[in-house]
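Biologist: I would like to go through this entry and ask what each label rests on. Please give the value and the cut-off each time.

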Amino acid sequence: MQRISNRLRRAVAPGLLVFAMGHGVPALASDQAAFEVAYDAGQAARKAAAAVGHEWRDTKKMLSDAKKLAEKSDFEAAIALAERAKRQGELGVIQAEHEEKVWMDAVLK
Amino acid sequence: MRTVRILLAALLSSYLAFGPSVSLAGSPEEDREAFQNFYKERFPNTPFEDFANGIYSIDKERRQEWEQMEEFPQYELDIDAGEALFHKKFANGKGFADCFPDYETGVRQNYPHWDPKRGEVVTMEWAINLCLEENGEKPLKYNRGPLAEISAYLAYLSRGHVIDVKVPKDDPRALAAYEDGKRFYYTRRGQLNFSCASCHVHTSGLKLRSDLLSPALGQVSHFPVYRKKWSAVGTLHRRYGGCNRQVRAASFKPQSRQYRNLEYFHTYMSNGIRLNGPGGRQ
């Protein structure tokens, strides 16, 4: 159930965004949709980093803080924070890929 | 990413097929020798045995404070609590002594070890919970509390035994677990991009803010540890978690496969050091 609604949300959100931009519906709906896109992307990046053992300490909290900001309708800050979380996730994956090649250089011989 | 994995898998299988001769990696024994020699050269005034005392093996002033602390060690209460818990009977009439029949003369030196039936590294703390579960009891929380106290009691009874972790040659999965722990130890993590080795190998003996960084050699000998900061005894994996988080990496769960394999490698590097737990720390 949760998964279906998540998927729906992901499918509908960009549409909403386009719709909102074209028709000038209340700002709230488009902001919320834009936040959800950013938030989902942040979560996906965090999970990708965790899957290779390189999640960073604060990413989860950044995402939950972003959610709280969105609940208070501070969408600009919420989206910025979600995007920072996404960047952390991406950097974690880059770190993992890099370390896979170089960790052995540090081994005492 | 996928091709890298496939390549790695191919490398690993050729390694397993042709043996260490085609590998770039050292054997556990070669690793241990290089590791220990590094510290012997870096801290020439520290006798080998004394690395069991962590930072106090390399710093006179801190050692004096610590020796005063050791006159009335805080962890004694935890050992007593652990003793009482250890001897409490289970609902089925059995007890921990049935799982650890040699506890009086020490059992901690047998951990961590490779368990071929489970295909996993078994640590002292996991063994305590396995004992509970096998007897229909609820497992205890890792990190602190009753489990750390039982572990402290068993560590105390095991004092003086020599660390002698083995990586059985007849089971390639054991070597894979060791290699996994070794890789973890040297892999940089977190926002600050540090590995365990960044601090405890390559900058050991130097200061990080007000902390002196201990040599990794001997670090495992005195766990669980009573820390003033914790106001209690805590397990090795609790410390691992703290060290991961201080470089702003997410920590792993205590007794996760990652931390058990890390402990396997980390403890192997201290083979030859005597157990002296529980320890007292700031």
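Biologist: How do you know whether B:F86 is buried or exposed?

Modeller: B:F86 has a relative accessible area of 2%. Buried means under 20%, exposed over 50% and partly exposed in between, with a 1.4 Å probe and protein chains only, so B:F86 is buried. This is a predicted model, in which local features need pLDDT of at least 70 and side-chain atom pairs pLDDT 80 or more, while totals for chains, interfaces and linings use all residues. Residues are numbered from 1 along each chain as its sequence is written, chains are lettered from A and ligands numbered from 1 in the order written, and side-chain values use heavy atoms without hydrogens or water.

Biologist: What makes the rings of B:F86 and B:F96 a pair, and of which kind?

Modeller: The search of the whole structure gives 21 aromatic pairs over all chains. Rings of Phe, Tyr and Trp (its six-membered ring) pair if their centres lie within 6.5 Å; planes under 30 degrees apart are stacked, over 60 edge-to-face, and the rest tilted. For B:F86 and B:F96 the centres are 5.5 Å apart and the planes at 20 degrees, so this pair is stacked. The two residues lie in distant parts of the chain, 10 residues apart: B:F86 is in helix α4 (residues 75-86) of chain B and B:F96 in helix α5 of chain B. Helices here are DSSP runs of H or I with at least four residues, strands are runs of E with at least two, and both are numbered from the N terminus. B:F96 is buried too, at 3% relative accessible area.

Biologist: What kind of pair do B:F184 and B:Y259 form, and on what values?

Modeller: B:F184 and B:Y259 are 6.1 Å apart centre to centre, with 75 degrees between the planes, and form an edge-to-face pair. They are 75 residues apart, B:F184 in helix α8 of chain B and B:Y259 in helix α11 of chain B. Both residues are buried.

Biologist: Why are B:C99 and B:C131 called a disulfide?

Modeller: A disulfide is a pair of cysteine sulfur atoms within 2.5 Å, and those of B:C99 and B:C131 are 2.1 Å apart, so the pair qualifies. The link is right-handed, with 80 degrees about the S-S bond. It joins distant parts of the chain: B:C99 in helix α5 (residues 96-99) and B:C131 in helix α6 (residues 124-134) of chain B, 32 residues apart. B:C99 is partly exposed at 30% relative accessibility, whereas B:C131 is buried at 1%. The structure has one disulfide over all chains.

Biologist: Why is B:C243 in no bond with B:C196?

Modeller: The sulfur of B:C196 is the closest cysteine sulfur to that of B:C243, but at 7.5 Å it is too far for a bond. B:C243 is partly exposed, at 24% relative accessible area.

Biologist: What makes a space a cavity, and how many cavities are there of 30 Å³ or more?

Modeller: On a 1 Å grid over the protein atoms alone, a cavity is a set of points where a 1.4 Å probe fits but cannot get out, and lining residues have an atom within 4 Å of a point. Points are joined across faces, edges and corners, and the volume is the space filled by probe spheres set on them. Two cavities reach 30 Å³ or more. The largest cavity holds about 130 Å³. It is lined by 13 residues, of which B:R108, B:Y111, B:P112, B:T267 and B:L275 are the closest to its centre. The second largest cavity has about 60 Å³, and its lining includes B:M69, B:E70 and B:Y226.

Biologist: What is notable about phi of B:N193?

Modeller: B:N193 is not a glycine, yet its phi is positive, about 60 degrees. The residue sits in the loop between α8 (172-186) and α9 (196-200) of chain B and is partly exposed, at 33%. B:Q255, also not a glycine, has a positive phi near 70 degrees, but at 10% relative accessibility B:Q255 is buried.

Biologist: Which bond joins B:F223 and B:P224?

Modeller: A cis peptide bond, with omega about 0 degrees. B:P224 lies in the loop between β4 (211-212) and β5 (225-227) of chain B. Another cis peptide bond joins B:G277 and B:P278, with omega about -10 degrees.

Key: On a 1 Å grid over the protein atoms alone, a cavity is a set of points where a 1.4 Å probe fits but cannot get out, and a pocket is an open set with protein on both sides within 12 Å along at least five of seven lines; lining residues have an atom within 4 Å of a point.
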